[in-house]
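Grab a pencil and have the 3D view open beside you. Each exercise below gives you a task, and a worked solution follows.

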Amino acid sequence: MRILIVEDEPLVRLGIKSVLAQCGGGFEIAGEAANGKAAMEILAAGQVDLVLCDVKMPVMDGIELARWMAESDSPAKIVMLSGHDDYDYVREAFRYGAIDYVLKHEITEKTFTELFKRLPAPEASGADGGRASSGRVALMLEGKAPIDQDELRKALHGHVDPSADGVLYALAIGFFECGHTGGYEAAFTNMFSEYMKKGYAYALFFDGGGMCVLSLPSATVENELIERLSMLIGALKKYYNIEAVIGMSGRGRLSDMERLCMEAREARGTGFFGVRGAVFHSCLRRPDKRDFAAVKEARGAVMQCAIKGDYANLGKSLGKLRDLFTQRDYTEAYCKKTYSPIIDILGMEFPDEPGDFDMDAVRSYDDLLQKANALAAKAADAGLTINRHVPPPIKECIDYINCNFSDESLSLKTLAGSFGYSGAYLSRLFKKETGRNVVDYINEVRIENAKRMLLDPALKAYRVSETVGYNNYSYFCRVFKKITGLPPSEYIARKQGEAD
């Protein structure tokens, strides 16, 4: 691992190098810098894996460096060094992608060793037979590839001892964004390390969601673990505005990992139905044959109402099906399989409007309910007022976008829903009338407002990003540069130069 030390005090830099030398091999000092600006030059040349960066420095501080790294899509990770025992002080750096922080007065061999264990496992170079790729292991644990015991054992090496007397568990993490600006993985990794007490050994792997292999000193601390996981989820919501569900398996050995991961994923699946918090697999309300038969019968009743045009009873039948799904913990796949033909047949009422509902992209049961109920209501209305399709007033669409651009959920889908048309139909009409795509116009309105707000020195760039509707700062930077030709920081500098 190639490490860049960014610290304005020479003695502190010397101390950091001394401590790193005590941590054993595997580390190389890629360079030193006394401020963020000097670090930018080293990072631009590449060959840096990790940046250990002071928060407060002259010329350019650590927050601004983290921001620049986010805007330039730097592959290096950044860990903040703070002289202040105040978590809120470095929280801003996490918004720009920092993955951890260390208090300066706690810099020791043990602190750095624990820090490096928390960092995402590096990808293997291929032929050296070293640590397995964390990406491949994540696919195994997510059930997307067969579990290779040897590869898994290598990936756990240095984190979890699979041969220890402790008890192994699998955790499956599901994230539900509510306005967080940075990556889920960095936020979760940082908070997870805060709440896992001494004696808990674990390894985290991410591939869209997250999987964790965890070892407890004994099975007697299960309740304590669930309590800590609940506290962790509360902290994620408080500090990062991220909602999460963590599914926890029963206990077992490394040879049981396929079963453990399946149990954890099934428990995580309750998040699709709106559950948030820590969910133990043994507490799931598993449906039996009678439950599946009842769902099949209820779905049949919905289909018959749709086929016969019995719109008076269609809503009642959909409500009964909804009640059945809320009484037991069904899987997401089974739920989608049940609703897919319902949405297809209801959508047939509108053959002139191509379907735009991507079942694979559905992330919650509420989305399915809203789609089915909206189609049912529209079908009922069409049955009474046939052929009364009126093109949506594009001017009102534009006014709506101009007034609601700060809503992060604003999209072609939500705009079409507001005017009662399919996304494909509205997209074609909008392009015909304005010469632009709906999404392009939304981005243009957001960036135009962002340009004005960025010139206010009282507003942080990430706050501007959130205010104009982008909850991911890196994505905001990419869109901003695509439209203006400059990243936000350069745009601000240019405008300030023009004013001078």
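**Exercise 1: Cysteines**

Task: Find how many disulfides the structure holds, then decide whether Cys403 and Cys477 are buried or exposed.

Solution. Keep in mind that you're looking at a predicted model.
- Step 1. The disulfide count comes to 0. The cut-off used here is a pair of cysteine sulfur atoms within 2.5 Å.
- Step 2. For the accessibility part, you need two limits: under 20% relative accessible area is buried, and over 50% is exposed.
- Step 3. Cys403 has 63%, so it goes down as exposed.
- Step 4. Cys477 has 3%, so it is buried.

**Exercise 2: A helix and its ends**

Task: Check what end-to-end span helix H20 should have, and look at what sits at its ends.

Solution.
- Step 1. H20 covers residues 473-484, which is 12 residues.
- Step 2. The rule takes 1.5 Å times one less than the number of residues. For H20 the expected span is 16 Å, and the end C-alpha atoms are 16 Å apart, so the two agree.
- Step 3. Now the N-terminal end: Asn472 caps H20, with a side-chain oxygen 3.1 Å from the backbone nitrogen of Ser474.
- Step 4. Just after H20 comes Gly485, and its phi is positive, at about 85°.
- Step 5. Finally, look along the helix for side chains that are tucked away: Tyr473, Phe476, Cys477, Val479 and Phe480 are buried.

**Exercise 3: Salt bridges inside a helix**

Task: Work out where the partners of two salt bridges sit, Arg67 with Glu64 and Lys495 with Glu498.

Solution. Side chains of opposite charge can pair when their charged atoms come close.
- Step 1. The limit for a salt bridge is 4 Å between the nitrogen and the carboxyl oxygen. Arg67 and Glu64 have their closest N and O atoms 3.6 Å apart, and they form a salt bridge.
- Step 2. Both residues lie in helix H3 (residues 62-71), 3 residues apart, or about one turn of the helix.
- Step 3. Arg67 has 8% relative accessibility, so it counts as buried. Glu64 has 32%, so it is partly exposed.
- Step 4. Lys495 and Glu498 also meet in a salt bridge, at 3.7 Å from N to O. They sit 3 residues apart in helix H21 (residues 488-499), so about one helical turn separates them.
- Step 5. Lys495 comes out as partly exposed, because its value is 31%. Glu498, at 54%, is exposed.

**Exercise 4: A salt bridge across the chain**

Task: Find which parts of the chain the pair Asp329 and Arg285 links.

Solution.
- Step 1. The side chains of Asp329 and Arg285 meet in a salt bridge, 3.2 Å from N to O.
- Step 2. The pair links distant parts of the chain, 44 residues apart: Asp329 is in the loop between helix H12 (311-327) and helix H13 (332-347), while Arg285 is in the loop between strand S10 (277-280) and helix H11 (289-308).
- Step 3. Asp329 is buried, because its relative accessible area is 13%. Arg285 has 39%, so it is partly exposed.
- Step 4. For the wider picture, the salt bridge count comes to 21. Glu7, Asp54 and Lys104 are even linked in a network of them.

**Exercise 5: Aromatic rings**

Task: Decide how the rings of Phe112 and Phe116 are arranged, then do it again for Tyr330 and Tyr334.

Solution. A pair of aromatic rings is described by the distance of the centres and the angle of the planes.
- Step 1. The structure holds 19 aromatic pairs. In one of them, Phe112 and Phe116 have ring centres 5.9 Å apart and planes at 25°, so the pair is stacked.
- Step 2. Phe112 and Phe116 are 4 residues apart in helix H5 (residues 109-118), about one helical turn. Both are buried.
- Step 3. Tyr330 and Tyr334 are stacked too, at 5.5 Å centre to centre with 15° between the planes.
- Step 4. Tyr330 is buried, because its value is 4%, whereas Tyr334 has 22% and is partly exposed.
- Step 5. Ring pairs join Tyr330 and Tyr334 into a cluster with Phe272, Phe273, Phe292, Phe325, Tyr339 and Tyr365.

Terms used: Residues numbered from 1 in each chain as written. Predicted model: local features only at pLDDT ≥ 70, side-chain atom pairs only at ≥ 80, totals over all residues. Heavy atoms only, no water. Helix = DSSP H or I, 4+ residues; strand = E, 2+ residues; numbered from the N terminus. Buried < 20%, exposed > 50% of the residue type's maximum accessible area, 1.4 Å probe, protein only. Phe/Tyr/Trp six-rings, centres within 6.5 Å; stacked < 30°, edge-to-face > 60°. Polar contact = N/O pair within 3.5 Å; in protein donor to acceptor, adjacent residues only side chain to side chain.
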